[in-house]
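I am opening a notebook page on this chain. The entries below follow what I looked up, in the order I looked.

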Amino acid sequence: MTDESLFEVGKNVATTQGQVVFENDYFQLIEYKPLTAKIHERPFLLVPPFINKFYILDLQPSNSFIRHLVAEGHRTFVISWRNPDASLSHATWDDYVESGVIKAIEVAASIAQMPQVNALGFCVGGTLLTSALGVLAAREQDPVASATLLTTLVDFTHVGVLD
């Protein structure tokens, strides 16, 4: 739908400085460089969709949500989903919840040395985050202090055009 030649990593997409701090078969976890002298204690974890990944949230500096977070003093972690190949043909939704979102929550909290994170799920990333929160609640675990959902479907009773 878009002329991909118009985008260049580091120039007008994925422009905020970060580094991979963890990876497994499902994702890489990127921690972004703070842009303020003081940062919030509780880390912020962003769970993006599989399609568009995190790129849609880190465009050029003038319209990057990730850059806005680090400019406001948030210690920011973002999941970068792996492009699945035949080696992940066995993977289920539960695997992405457990080895994806729950693992990312654990790693971000551990690196920040905090018992909880703030989380934001976008699109199907929000659906995954909601599923993870349900699993964690059933385990009587509370590692997420706040959760925000953007364009997230959580009730699949009447899915409208998605059907």
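**Entry 1, a polar residue.** I began with asparagine 118, which counts as buried because its relative accessibility is 15%, where buried means under 20% relative accessible area, exposed over 50% and partly exposed in between, with a 1.4 Å probe and protein chains only. Asparagine 118 sits in strand β5, residues 117-122; I take strands (E, at least two residues) and helices (H or I, at least four) as DSSP runs, numbered from the N terminus. Setting aside neighbours within four places in sequence, I find asparagine 118 in contact with Arg42, Pro43, Phe44, Leu45, Ala145 and Ser146, contact being heavy atoms within 4.5 Å.

**Entry 2, ground rules.** The model is predicted, so I note that local features need pLDDT of at least 70 and side-chain atom pairs count only at pLDDT 80 or more, while totals for chains, interfaces and linings use all residues. Residues are numbered from 1 along each chain as its sequence is written, and side-chain values use heavy atoms, with hydrogens and water left out.

**Entry 3, strand β4.** I then turned to serine 80, placed in strand β4, residues 76-81, and it counts as buried because its relative accessibility is 11%. Beyond its neighbours within four places in sequence, serine 80 contacts Phe27, Gln28, Ile30 and Phe54. The strand itself is mostly covered, with six of its six residues buried: Thr76, Val78 and Ser80 point one way from β4, and Phe77, Ile79 and Trp81 point the other way.

**Entry 4, pairing.** Which strands pair with β4? Strand β2, residues 27-32, pairs with β4 in the antiparallel sense over five bridges, and strand β3, residues 44-47, runs parallel to β4 and is joined to it by three bridges; for pairing, DSSP must find at least two bridges between the strands. Glutamine 28 has serine 80 as its bridge partner in β4, and phenylalanine 44 has threonine 76 there.

**Entry 5, leucine 29.** In strand β2 I looked up leucine 29, which is buried, with a relative accessible area of 0%. Not counting residues up to four places away in sequence, leucine 29 touches residues including Val21, Leu45, Phe77, Ile79, Ala104 and Val107.

**Entry 6, the cores.** The largest nonpolar core has 25 residues, and Phe27, Leu29, Leu45, Ile79, Trp81, Val101 and Ile105 have the most contacts inside it; such a core is a set of buried Ala, Val, Leu, Ile, Met, Phe, Trp, Tyr and Cys residues joined through side-chain atoms within 4.5 Å. Two or more residues come from each of β2, β3, β4, α2, β5 and α3, and α2 gives the largest share, nine residues. Another core, of twelve residues, lies apart from it and has Ile30, Tyr32, Leu57 and Val78 among them.

**Entry 7, helix packing.** Helix α2, residues 93-112, and helix α3, residues 124-138, pack at an angle of about 80° with their axes 9 Å apart; axes are lines fitted to C-alpha atoms, for helices over the stretch in contact, and angles run from 0 to 180 degrees between N-to-C directions. That makes α2 roughly perpendicular to α3, a label for 65 to 115 degrees, with under 35 roughly parallel, over 145 roughly antiparallel and the rest oblique. Val101 and Ile105 are among the α2 residues that meet α3, where Leu128 and Ala132 are among the residues met.
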